[in-house]
Amino acid sequence: PGTNYFTVRRNHSDNSSERNYWSVSRTISVKKINTISCIMTMMLQSSRRFCNTLRKASPTLLQLKHNSSYQRPLNTDDNNWQRVLLAFAALTGISTGTAFHDVFPRASFTSQCESSSGGITLESLPDLQDEDIDFSLPTYTSAQVAMRNGKNIGEKVWMTYGGYVYDVTDFVGNHPGGSEKILLAAGGAIEPHWHLYRQHFASELPLRLMEKMIIGKLHPADQERIDAEMDKLQDAGGDPYDNEPDRHPLLIVHSDTPMNAEVPSDILTREYITPSNLFYIRNHHPVPLLSEDEVKDFYLEVDISLLMNNGSGTEDNKMEPAVAKLSLDQIKSLPKVEITSTLQCSGNRRSGFNDLRQTSGTNWGQGAISTAKWGGVRLVDLLHFAAQQVDTLSDKKEKQNSSPESNNTDSLFETLQNLQLILEKQPNLQHLRMESLDGMRASIPIVKAFSPFGDVILAYEMNGEPLTRDHGYPLRMIVPGYAAVRNVKWVSKIQLHKEESEGAWQRGLNYKILPPSVLDATQVDLDSMPRLTEEPVISGITNLERVRLTAEEQRKKLRPGDTVLVRASGWAWAGGGRNIVRVDVTGDDGKSWEIAKITQGANQPFGRAWAWVFWECDNIPAKVCDDGHSVEVSCKGVDMAFNTQPHTVDGMWNVRGLANNSWFRSRLRVR
């Protein structure tokens, strides 16, 4: 409703030697409602099709290269890309206006693009001149790029995207998803991989980083071939995100392919147990879709070979396999337990880091946290059952192939009954590995997995109902007190192992917290750095309001430094099962504190407080800020070890934006 405007924003670089970056804002000047539909359609399509449309509309635009995020690094005088924006305006019937004068400072070029109030036409666009195209970059073929695949130590790693060639050698170690993922495209095109990993389009950061890595152009014929292959992939119905489940419209969506959505602050603490359809969503890939037949035929693979072989197996000395395959019915026949546990994305509140300095990852607010009652079987019970299955199979083999030299006489089931004895006898038994139907791999320490007080379960229910697809159907590992990434969804295999899982989510940069001073992961020994497991104490404010005013207070004019009374409520949680013992609230940046009342979650078992607490605090004296009409209220939690939250993000900022547990700050307009 009302009038919207088509504008282009220039983001100035701190470094004058760097290129300027341009991006199209979301507001667009329109005269007809069908124009909005046209624009939205173009935005939803890949830019490859967008540029193909431009090419068909005007042969002079054949030189245009596509860009799937609609944000492209440009030189100020790059007429080629100025024409993209102008042609976009022409095709959508957008009227010209002062915005184009602001965007394109070269009056000689802009004046040629002026037209009547009816809008820009393709005919009004000036001819593209040779001097408008950058011929300084060398041109490479796909075959030449393929030779730089980094397979040999010391080799360069090249990739192509959108008609350009990139040398990513120095970036491989800094890739947020880990070197393993980025190397999938080594020596080839990025487009097919970003077709799956579309989180790269959620912000301008990937392309801004890539701009500095451009070393040449890809031969047009090779780029046309890539474009044609991508067209075939989409036209053949090959979109891996076609079968995503429906989501609640109240969730705040940061990206929908894959889905990353948080709970709005105003409903985050509406219920202690988060409704399943409002539980935050953090996916790395398309959500697995199992048919009825696939569910019936589903088996969980439980590999306990390390125990069968007394922990002596190595890569060169292969172990005798000891693998049980358990059906869903078998798993559900085991004793059922229920655990109420809070899960939090490790990047929750990353936006607070980004206010100081940009990080990589989803720009979460405080809503990437939720709590559910999970139903399933204890991991130790599952392993006992798997051991029985393996023992049964072993007995059959021994009857067929009995050998007097066999020294494997102890029952695996009996061995598992004494977990402490296992750890003493099996020093190599260190990790429980988990694999997911979507290819994700993660692991947890064996002391957590086997602890009778760790409450690790394999869940098949969430809030009394079968797991939803977004949250792990048919099976999800629940590791209370650990980062949500260790609570692996869609579990298809678990394995006892002497080493942690391989892959980006366990060993890569994804979930490792670098020191604040480190911007380049190649400067540190990433392998020696611990991965994030237990989460630190954290809290948030979900409601803030002024205490009811008297008539005299309503008439009083507020000035900076005046004190007003407000009330606040929110949540707090600590990883590792550490109980929240106190929540402190301040309205004057820590000069004075009020102790909040914990209203829910206070009576959890000591050292096994897997779920959050809710709190509220009345009559908080808050100082009016310098603007004269608002106050800022902060909170911090304190756990049973008397860990608390740091004042600011300054000393804890990290390039991945993980574990921001600084004071939570909330502003309220009081006048």
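**Strands, a loop asparagine and cavities**

Student: What makes β27 and β28 partners?

Tutor: In this predicted model, six bridges join β27 (residues 630-639) to β28, and the two run antiparallel. Two strands pair if there are at least two bridges between them. Six meets that cut-off, so β27 and β28 count as a pair.

Student: Which residue of β28 is the bridge partner of S630?

Tutor: R669 is the bridge partner of S630.

Student: What is the strand order in the sheet that holds β27 and β28?

Tutor: The order is β24-β23-β27-β28. The sheet is open, has four strands and pairs antiparallel.

Student: Why are β24 and β28 called edge strands?

Tutor: β24 (594-595) and β28 (664-669) each have a single partner strand, so one side of each lacks a neighbour in the sheet.

Student: What is the order in the sheet that contains β21?

Tutor: That sheet runs β21-β22-β26-β25. It is open, with four strands in antiparallel pairing. β21 (538-546) and β25 (597-600) stand at the edges; each has a single partner strand, so one side of each is left without a neighbour. From one strand to the next, the twist averages 30 degrees.

Student: How do you know that β21 pairs with β22?

Tutor: Eight bridges join β21 to β22 (residues 563-573), running antiparallel. The cut-off is at least two, so β21 and β22 pair. Within β22, W571 is the bridge partner of G540.

Student: Where is N149 found?

Tutor: N149 is in the loop between α6 (142-146) and β5 (158-161).

Student: What makes the approach of N149 to A146 a polar contact?

Tutor: The side chain of N149 reaches the backbone oxygen of A146 at 3.5 Å. The limit is within 3.5 Å, so this pair sits at the cut-off and counts. A polar atom of the N149 side chain also lies 3.1 Å from the backbone nitrogen of K151.

Student: Which residues does N149 touch, leaving out those up to four places away in sequence?

Tutor: N149 touches E155, K156, A186 and G187.

Student: How many cavities of 30 Å³ or more are there?

Tutor: The count is five. The largest holds about 190 Å³ of space.

Student: Why is that space called a cavity and not a pocket?

Tutor: In a cavity a 1.4 Å probe fits but cannot get out, whereas a pocket is open; the space of about 190 Å³ is therefore classed as a cavity.

Student: What lines the largest cavity?

Tutor: The lining has 19 residues, and R282, H284, R476, A484 and K489 lie nearest the centre. The lining divides into nine nonpolar, six polar and four charged residues.

Technical notes
Residues are numbered from 1 along each chain as its sequence is written. This is a predicted model: local features need pLDDT of at least 70, side-chain atom pairs count only at pLDDT 80 or more; totals for chains, interfaces and linings use all residues. Side-chain values use heavy atoms; hydrogens and water are left out. On a 1 Å grid over the protein atoms alone, a cavity is a set of points where a 1.4 Å probe fits but cannot get out, and a pocket is an open set with protein on both sides within 12 Å along at least five of seven lines; lining residues have an atom within 4 Å of a point. Grid points are joined across faces, edges and corners, and a volume is the space filled by probe spheres set on the points. Ala, Val, Leu, Ile, Met, Phe, Trp, Tyr, Cys and Pro count as nonpolar, Asp, Glu, Lys and Arg as charged, and the others, Gly among them, as polar. A polar contact is a pair of N or O atoms within 3.5 Å; within protein, one must be able to donate a hydrogen and the other to accept it, and residues adjacent in sequence count only if both atoms are side-chain atoms. Contact means heavy atoms within 4.5 Å. Axes are lines fitted to C-alpha atoms, for helices over the stretch in contact, and angles run from 0 to 180 degrees between N-to-C directions.
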